[in-house]
Amino acid sequence: MIDNYEHYITKNIKAFYKRRLFSPIVYIILLTVLWFAFSLGDILSPIHIDDSVSFEAAYKDSDRYVKTTLKKLYFTGYTMKDGNDIKGYYYYCMRDKHCSIVLLAPSTCEEGLPSIDKLTVVGKIVKGKGTYTQFVNKLSKDLSWDSKGLSDTITGYYLNEPEYHLKTTIFMFVFYFGTLIYAVISLIFYILCIRFPVLAPACQNLVVFGNPHKLLAEAEEELATLPQLATEDMFITEHYFIMTSPYGNAIVPIKEILWIYKYSTLHKILWYHFSISYTLHISANKHLYIHCPKNTKSDIDGIIDYLAEANHDILVGFSEENRLKVQAVQGKPLHVERLLAWKKKKK
C-alpha cells in the first residue's frame with residue numbers, strides 16, 4: 001500500500017473546500033463592517049424621535065435615519081430640483097422651540113400644499129450645505145434678513161424625506177441579506193464537506209449508481225493499493241476514474257462512462273499565443289458530466305486510451321453522431337434520477 005494515496009480522495013476534497021472558505025468569510029466580515037460603518041440598521045429600522053429632540057441633537061447622536069411626527073408645517077415657497085424635476089419642497093415648523101426645515105417629497109405634500117397640520121414622516125437628517133445653503137440665502141433675502149441672522153434662527157440640520165429612498169432601500173437590503181444568506185449557507189456547506197467529505201457533490205453524484213459511502217470507500221481502497229494510471233490530478237483504478245484537481249473532484253465508475261473527448265483552449269494576451277490547455281469531457285449514465293480542465297494533451301490522451309481499453313462501449317472523440325448516441329442512451333434528467341435513488345435508498 002502506498003501511503004501517498006491513502007485517503008487521497010477525502011484529503012483532496014477537504015483541501016478543496018478549505019481553500020473555498022476564504023471568500024465567504026471575507027464577504028461576511030465585509031458586510032458586517034458595512035453594517036456598522038454606514039449605520040445600516042438605522043436605515044432598516046429608523047429611530048423614532050419626538051418633537052422635543054432637535055434634528056441637530058439627533059444627528060450628533062448618530063441617529064441619521066429617523067421617524068418623527070411634525071406639526072404645523074408651512075411651505076416656504078422653495079423647492080429642490082434635480083435637473084428639471086422637483087425633488088422636494090421646503091417646509092418649516094417649530095421643533096424644540098426652534099424653527100426647523102423639512103424637505104418633503106412631492107407625493108407627501110401633494111406638490112406644495114400651503115400648510116400641513118400634522119404629518120408623520122421618515123427621512124434622513126442632513127447637515128445643511130450646498131443647495132440648502134442657497135435656499136437659506138434666498139429665504140433670508142425674502143425676509144429682509146442677512147443669511148447669518150437667519151442661520152442663527154433656524155437649525156443648520158434639516159430632515160430630508162426624499163433622501164430615504166424606499167425602493168432603493170428595499171433593493172439594497174434584499175441584495176444585502178440575500179448575498180449574506182448565500183455566503184453563510186456556502187460557509188456552512190464548505191465546513192460540512194470538510195468535516196464529512198462524503199457530503200461533497202463529488203461523492204453525492206454517485207447516489208445514482210449506489211451507496212456513496214460504499215463507492216467512495218471502494219475508490220479510496222483501489223487508489224491506495226496503486227492506481228493503474230496516474231497523472232498530476234487524474235487517476236484510473238480497476239473500477240474508477242478519479243479526478244482531484246484545484247478545480248474540483250470527481251469519481252466515476254468506469255463501467256458507467258458513455259463518452260469521452262478532449263477540448264483545447266488557446267490562451268493568449270492580445271495577439272501573442274502563449275499556451276494551449278486541454279479539458280477532458282466525460283459523459284456517464286444518469287446524466288453525470290465531468291470536466292477536467294487545464295491538462296496537457298499527453299495526459300488526456302493517455303487517460304482516453306486507457307478508458308477506451310477498459311470499457312469498449314465508451315464512445316471516443318467529439319462528433320455529432322456520438323452526441324446523438326449519448327442523448328438516446330440518457331434517461332430521466334439528473335435531478336429526477338437522484339430523487340428516485342434517494343427514495344429507493346430510504347425504502
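This passage describes selected cysteines, a group of neighbouring strands and two annotated spans in a predicted model.

The cysteines were examined for covalent links. A disulfide is a covalent bond between the sulfur atoms of two cysteines. A search of the whole structure returned zero disulfides. For Cys-93, the nearest cysteine sulfur belongs to Cys-99 and lies 7.3 Å away. Because a disulfide requires two cysteine sulfur atoms within 2.5 Å, Cys-93 takes part in none. The side chain environment was considered next. Cys-93 has a relative accessible area of 3% and is buried, and Cys-292, with a relative accessibility of 0%, is buried as well. Both residues are classed in this way because the term applies under 20% relative accessible area.

Cys-93 also appears among the contacts of Ser-100. Ser-100 belongs to strand β4, which covers residues 98-104, and its relative accessibility of 3% places it in the buried class. When neighbours within four places in sequence are set aside, the residues in contact with Ser-100 are Phe-55, Tyr-91, Tyr-92, Cys-93, Arg-95 and Thr-155.

Strand β9 was then considered together with its partners. This strand comprises residues 240-245, and six of its six residues are buried, so β9 is largely enclosed by the rest of the structure. In a regular strand the side chains alternate between the two faces of the sheet. In β9, Tyr-240, Ile-242 and Thr-244 point one way, whereas Phe-241, Met-243 and Ser-245 point the other way. The residues pointing in either direction are all buried.

Two strands pair with β9. Strand β8, residues 234-236, runs antiparallel to β9 and is joined to it by three bridges. Within this pairing, Met-234 is placed opposite Met-243 of β9. Three residues separate β8 from β9, and the two strands form a hairpin. Strand β10, residues 248-253, is also antiparallel to β9, with six bridges between them. Here Ser-245 stands opposite Gly-248 of β10. A hairpin is again formed, with two residues between β9 and β10.

Finally, the annotated spans were compared with the model. An unreviewed UniProt entry lists residues 21-38 and 170-192 under "transmembrane region". In the model, residues 21-38 are 89% helix and 0% strand, and the C-alpha atoms at the ends of this span are 26 Å apart. Residues 170-192 are 100% helix and 0% strand, with 32 Å between the end C-alpha atoms.

Technical notes: Residues numbered from 1 in each chain as written. Predicted model: local features only at pLDDT ≥ 70, side-chain atom pairs only at ≥ 80, totals over all residues. Heavy atoms only, no water. Buried < 20%, exposed > 50% of the residue type's maximum accessible area, 1.4 Å probe, protein only. Helix = DSSP H or I, 4+ residues; strand = E, 2+ residues; numbered from the N terminus. Contact = heavy atoms within 4.5 Å. Pairing = 2+ DSSP bridges. UniProt positions renumbered as here; feature names shortened; annotations may be inferred.
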